[in-house]
Amino acid sequence: KHIEWRKRWYTPDLYRLFLEELKDEEAFLKQHPTEKPFFGDGLDFRPLDEPCVENGKHYRRSQRISSVEAGSTRGYVEVEFAYPKGCTTQSPILYRVNLRKLRGKWLIDDWTYSDGKTLTREMIEHKY
């Protein structure tokens with residue numbers, strides 16, 4: 001549902017990859033109904049919402065746009081997910097939303113994780 005509801009946000013290439021992955025997941029789940037598929041945790045474009053617990057206090061990540069760059073047809077937005085200063089054991093996580101301008105609209109073309117891997121590459125390389 002998430003992919004269909006937000007279809008207008010994605011480039012046609014990214015949307016096609018999503019549909020291919022969902023088709024592969026459907027076939028996989030028919031054979032392995034108790035296994036967790038590639039999108040088993042959902043598709044919310046953020047790190048898992050795990051609290052940081054230090055000195056008896058619970059901290060949640062906040063998010064902020066840390067950088068934006070745009071050319072005529074390509075651009076990106078960097079989003080930082082970080083705990084407040086009270087949580088000293090967890091480093092911020094930085095994701096890059098790769099954008100492409102098509103027919104006058106900026107669309108999500110890919111997602112680069114803090115380890116340098118991309119969503120599209122992971123979907124293409126993922127095998128059940």
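## Loops, Sheet, Disulfide and Pocket

Reader: In which loop is the place of proline 84?

Author: The model under discussion is predicted. Proline 84 counts as partly exposed, at 38% relative accessibility. Its C-alpha atom is separated by 7.2 Å from that of arginine 61, a residue 23 positions away along the chain. The place of proline 84 is in the loop between strand 4 and strand 5.

Reader: In what order do the elements of the chain run from the N terminus on?

Author: The chain has three helices and six strands. Its C-alpha atoms fill a box of roughly 45 × 45 × 25 Å along the principal axes, and 36% of the 128 residues count as buried. From the N terminus on, the elements run α-α-β-β-β-β-β-β-α.

Reader: Which strands are the edge strands of the open sheet?

Author: Four strands form the open sheet, with antiparallel pairing, in the order 3-4-5-6. An edge strand is one that pairs on one side only. That description applies to strand 3 (62-70) and strand 6 (105-112).

Reader: How many degrees does the twist average from one strand to the next?

Author: The sheet in question is open, and its strands follow the order 3-4-5-6. Strands of a sheet pair through backbone hydrogen bonds, either parallel or antiparallel. In this sheet the pairing is antiparallel. From one strand to the next, the twist averages 25 degrees.

Reader: Which residue of strand 5 does glutamate 78 stand opposite?

Author: Strand 4 covers residues 74-82 and strand 5 covers residues 93-102. The two pair in the antiparallel sense over eight bridges. Along this pairing, arginine 74 stands opposite arginine 100. Glutamate 78, for its part, stands opposite arginine 96.

Reader: In strand 6, which residue is the bridge partner of arginine 100?

Author: Arginine 100 of strand 5 stands opposite arginine 74. Strand 5 also pairs with strand 6, in the antiparallel sense and over seven bridges. In strand 6, the partner of arginine 100 is leucine 107.

Reader: Why is strand 5 described as largely enclosed by the rest of the structure?

Author: Strand 5 pairs with strand 4 over eight bridges and with strand 6 over seven. A residue counts as buried when its relative accessible area is under 20%. Strand 5 is largely enclosed because the buried residues among its 10 number seven.

Reader: What is the phi of arginine 103 in the turn of the hairpin?

Author: Strand 5 and strand 6 form a hairpin with two residues between them. Arginine 103 lies in the loop that joins these strands and is exposed, with a relative accessible area of 74%. Its phi is positive, at about 50 degrees.

Reader: Is asparagine 55 buried or exposed?

Author: Asparagine 55 is found in the loop between strand 1 and strand 2 (57-59). It has a positive phi of about 55 degrees, although it is not a glycine. The cut-off for an exposed residue is over 50% relative accessible area. At 77% relative accessibility, asparagine 55 is therefore exposed.

Reader: How far apart are the sulfur atoms of cysteine 52 and cysteine 87?

Author: A disulfide is a covalent bond between the sulfur atoms of two cysteines. The cut-off for assigning one is a sulfur pair within 2.5 Å, and by this rule the count comes to one disulfide. In the pair of cysteine 52 and cysteine 87, the sulfur atoms are apart by 1.8 Å.

Reader: Why is the disulfide of cysteine 52 and cysteine 87 right-handed, and what is the torsion about its S-S bond?

Author: This disulfide links distant parts of the chain, 35 residues apart: cysteine 52 is in strand 1 (residues 52-54), and cysteine 87 is in the loop between strand 4 and strand 5. Both cysteines are buried. The bond is right-handed because the torsion about S-S is about 90 degrees.

Reader: Which residues are the closest to the centre of the largest pocket?

Author: The largest pocket has a volume of about 470 Å³. Its lining divides into nine nonpolar, three polar and six charged residues. Of the 18 residues that line this pocket, the closest to its centre are Gly42, Arg46, Tyr95, Tyr113 and Glu122.

Methods. Residues are numbered from 1 along each chain as its sequence is written. This is a predicted model: local features need pLDDT of at least 70, side-chain atom pairs count only at pLDDT 80 or more; totals for chains, interfaces and linings use all residues. Side-chain values use heavy atoms; hydrogens and water are left out. On a 1 Å grid over the protein atoms alone, a cavity is a set of points where a 1.4 Å probe fits but cannot get out, and a pocket is an open set with protein on both sides within 12 Å along at least five of seven lines; lining residues have an atom within 4 Å of a point. Grid points are joined across faces, edges and corners, and a volume is the space filled by probe spheres set on the points. Ala, Val, Leu, Ile, Met, Phe, Trp, Tyr, Cys and Pro count as nonpolar, Asp, Glu, Lys and Arg as charged, and the others, Gly among them, as polar. Two strands pair if DSSP finds at least two bridges between them. Axes are lines fitted to C-alpha atoms, for helices over the stretch in contact, and angles run from 0 to 180 degrees between N-to-C directions. Buried means under 20% relative accessible area, exposed over 50%, partly exposed in between (1.4 Å probe, protein chains only).
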